[in-house]
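Subject: A structure for you to look at

Hi,

Here is the structure I promised to pass on. Have it open while you read, and I'll walk you through what turned up.

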Amino acid sequence: MKAAKIAYKPVGLVLGAAGGMLAGVAFKQVWKVIEGEGDAPDAMDEDRPWTQILLAAAVQGAIFAVVKAAVERSGAVTTRRLTGAWPG
């Protein structure tokens with residue numbers, strides 16, 4: 001394995017955890033705007049309709065995917081600037 005790739009592993013793990021937390025906060029704020037409620041429905045919430053559960057899942061998935069891509073790309077670009085090598 002390349003040295004940059006090995007060195008990036010712990011950085012990638014930290015960035016992934018931070019990105020997950022950021023995505024969770026972002027989803028809660030977006031859900032409040034969409035539904036005006038504090039909590040998004042859970043798949044096992046029997047009092048919520050299918051449409052609301054599936055909408056929440058789709059929005060959450062989209063937010064997590066965008067945040068994950070942005071965090072990973074930013075980490076890789078920063079690694080290249082610092083080391084001169086792409087970590088992937």
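One term before we start: when I say that two residues touch, I mean they have heavy atoms within 4.5 Å of each other. Please also keep in mind that this is a predicted model.

**Thr79 and the end of H2**

With that meaning of touch, have a look at Thr79, which is found in helix H2. Leaving aside residues up to four places away in sequence, Thr79 touches Tyr8, Gly84, Ala85 and Pro87. Is Thr79 buried or exposed? Its relative accessibility is 12%, and buried means under 20%, so Thr79 counts as buried. One of the residues it touches, Gly84, sits just after H2 and takes a positive phi of about 85°.

**The helix itself**

H2 runs over residues 50-83. It has 34 residues and reaches 49 Å from its first C-alpha to its last, which is close to the 50 Å expected at 1.5 Å a residue. For a feel of distances along the chain, try Thr51 and Arg73: they are 22 residues apart, and their C-alpha atoms are separated by 33 Å. Arg73 lies in H2 too, and because its relative accessibility is 54%, with exposed meaning over 50%, Arg73 counts as exposed.

The buried residues of H2 include Ile53, Gly75 and Ala76. Gln52 also lies in this helix, and it is buried with a relative accessible area of 10%. The side chain of Gln52 makes a polar contact with the side chain of Glu35, at 3.1 Å.

**The nonpolar core**

Which residues make up the largest nonpolar core? There are eight of them: Ala23, Phe27, Trp31, Ala56, Val59, Ile63, Val67 and Val71. The elements that give two or more residues to this core are H1 and H2, and H2 gives the most, with five. As background, nonpolar side chains in soluble globular proteins tend to be buried together.

Two of the core residues deserve a second look. The count of aromatic pairs comes to one, and the pair is Phe27 with Trp31. Their rings are 6.2 Å apart, centre to centre, with 35° between the planes, and the pair is tilted. Both residues are buried. Both also lie in helix H1 (residues 3-35), four residues apart, which is about one turn of the helix.

**Salt bridges**

How many salt bridges are there? The count comes to two.

- Lys68 and Glu72: their side chains meet at 3.0 Å, N to O. The two residues are four apart in helix H2, so about one helical turn separates them. Glu72 counts as partly exposed, with 42% relative accessibility.
- Arg48 and Asp45: the closest N and O atoms of this salt bridge are 3.5 Å apart. Arg48 is partly exposed at 21% relative accessibility, and Asp45 is partly exposed at 24%.

If you want a route through the model, you could begin at Thr79 and its contacts with Tyr8, Gly84, Ala85 and Pro87. From there, go to the core that H1 and H2 contribute to, and finish with the salt bridge between Lys68 and Glu72.

Cheers

Methods: Residues numbered from 1 in each chain as written. Predicted model: local features only at pLDDT ≥ 70, side-chain atom pairs only at ≥ 80, totals over all residues. Heavy atoms only, no water. Buried < 20%, exposed > 50% of the residue type's maximum accessible area, 1.4 Å probe, protein only. Phe/Tyr/Trp six-rings, centres within 6.5 Å; stacked < 30°, edge-to-face > 60°. Core = buried A, V, L, I, M, F, W, Y, C linked by side-chain atoms within 4.5 Å. Polar contact = N/O pair within 3.5 Å; in protein donor to acceptor, adjacent residues only side chain to side chain. Expected span 1.5 Å × (residues − 1). Salt bridge = Lys/Arg side-chain N within 4 Å of Asp/Glu carboxyl O.
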